[in-house]
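Me: Please take a close look at the packing of nonpolar and aromatic side chains in this model, and tell me which residues carry the contacts there.

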Amino acid sequence: MDELTLLKEAAPEVAPPTTEALRAGRARLAAAARPRRSRRPLALGAAVAAAAVAITVVPYADPGPTPAASAAAVLRDAAATAAAEPDVRPGQFRYVKSLTQRRHPRLGPSGIVCAESWYPADGAPVTLPVHIAPNSVPGGCGSALPKPAERSMLVYEGPPAHPRAHDLPTAPAALRARLYREAAKGPRAWGEDPGTPADQLVFVFAERLLEESAPSALRAALYRVLAEVPGVRLVRNVRDLAGRPGDAVTRTWGAERQEIILDRATHRYLGGRQVFVKPRGDWRPGDQSAVAQIRTAIVGKAYQRP
Amino acid sequence: MTAPVAAAPDDAAVIRQSIADPDRFTELYDRHAPAIHRYAARRLGSDAADDLMAETFLIAFRKRRRYDPARADARPWLYGIATRLIARHRRAELDRYRLAERIGGQAAPPVPAPDPHTLHPSLARALAELPKTHRDALLLVAWAELSYEEVAAALDVPVGTVRSRLSRARARLRTELTMEESWTN
């Protein structure tokens, strides 16, 4: 079968538009087509606003000019906390239960998805056992785990989003040099927007590595590297996706602010967030996606719950 | 004697009439909105498709005076507008392909994911790695079922450009799929 036929047959099965969606779209068009009595044609924007669904704008904290020293102090604390955490031994797995939420520019937030992942000791698995509870609400991961034949995997192939944890040095100076070398491959190599500077790429690498369960020595070293990245700011008194109080270490470039959220008291890693701070295409300031790690533990095998 | 039955006016006629009589434009919506929705849903998922469908027609309405009356079928024009709107969702589209790639199971079908309408992982990866212009051309052929000439009209490029983008995109797809096969064998 040639690849074009394959692609045609692989087109996702999609439901036709609902009657409501068709009606709503038609109403917006009709509103644009009928000028008001004043005879001034409706601006397209006004027509859209008139028919728009109510949108909740989530207020976001503007970091303002905070001294870099505060961010560095929090990061050093985070490094100490991370270094003291137990590591996974060969043959064991780190169990991570997390909540994720994405936001559509106009339809608002997606549902909160609960995922459980099992990371092996040497990290960076080719296939990562994962259970994503459908139609989740917090606690939705309590659903029954799938039978072996029905299990999903996260397949780590294709363009990488960050350098692999198992290859990285854990001495901070060496790690720093390595991360900047990787960043020098350019933003496209990492699926980021053209023009993204190296400092932002390094921040994003750290954010992603922390989300994916790096060993404790690497996490500690990542925090130390971040303490020396220019442009990193601290935002105190945030809440993560699970509502927990935290401090966020952030770096903004372009339209997005990247955040690493740490527990307020211990500066243990809680999760990450990406917030739009400027309009970009359909995105509006305040639109965000977030991950909160709500439970981590060491277990003996994949698909075992602590 | 029965009155002669007039043939339904073609899209160009509807658009021309809508210049003076704007309400008539909704007839174009009735004809083509479901197809635009289907294309958008395949690329971005159903959530984004509702909005994108409506936006496509709002933009088309605004541009109706510049519609080329020689084109009896408005679909290429509409698909071109939709494709440019999809480009603004680029990140969402690539995330969707990555999510599809990541949820891909092996022999058995995976546990239902948040969005069940996902692509086979190797296709998802291959599509995500194509340059945007190649992906647009390829999916307009494969999923919107336009001819090369219609794709050229939609994207406002010469037919020769469409052919070369298609042939490069297909070659990349072939390579990716062959590699995937040899990996799993």
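Reply: What follows goes from the nonpolar core to the aromatic pairs.

In this predicted model, the largest nonpolar core holds 59 residues, and those that touch the most other members are L7(A), F25(B), W77(B), L138(B) and L140(B). Domain 1 (9-110) and domain 2 (113-184) of chain B both contribute residues to this core, so it lies between them. Leaving aside residues up to four places away in sequence, L140(B) is in contact with Y39(B), Y79(B), T83(B), E145(B), L146(B), V151(B), A154(B) and L155(B). A second core, separate and made up of 35 residues, includes L75(A), A78(A), A214(A) and Y223(A).

Over all chains, a search of the whole structure finds 7 aromatic pairs. One of them joins Y29(B) and F57(B), whose ring centres are 5.0 Å apart with planes at 70°, so the pair is edge-to-face; it links distant parts of the chain, with Y29(B) in helix 2 (residues 25-44) of chain B and F57(B) in helix 3 (residues 46-62) of chain B, 28 residues apart. Y29(B) counts as buried at 1% relative accessibility, and F57(B) is buried too, with a relative accessible area of 0%.

Y39(B) and Y79(B), which both appear among the contacts of L140(B), form an edge-to-face pair as well, at 5.2 Å centre to centre and 85° between the planes. This pair connects helix 2 of chain B, which holds Y39(B), with helix 4 (residues 75-88) of chain B, which holds Y79(B), across 40 residues, and both tyrosines are buried.

In chain A, ring pairs link Y95(A), W118(A) and Y303(A) into a cluster.

How values were computed: Residues are numbered from 1 along each chain as its sequence is written. Chains are lettered from A and ligands numbered from 1 in the order in which they are written. This is a predicted model: local features need pLDDT of at least 70, side-chain atom pairs count only at pLDDT 80 or more; totals for chains, interfaces and linings use all residues. Side-chain values use heavy atoms; hydrogens and water are left out. A nonpolar core is a set of buried Ala, Val, Leu, Ile, Met, Phe, Trp, Tyr and Cys residues joined through side-chain atoms within 4.5 Å. Buried means under 20% relative accessible area, exposed over 50%, partly exposed in between (1.4 Å probe, protein chains only). Domain bounds come from an automatic or database domain assignment. Contact means heavy atoms within 4.5 Å. Rings of Phe, Tyr and Trp (its six-membered ring) pair if their centres lie within 6.5 Å; planes under 30 degrees apart count as stacked, over 60 as edge-to-face and the rest as tilted. Helices (H or I, at least four residues) and strands (E, at least two) are DSSP runs, numbered from the N terminus.
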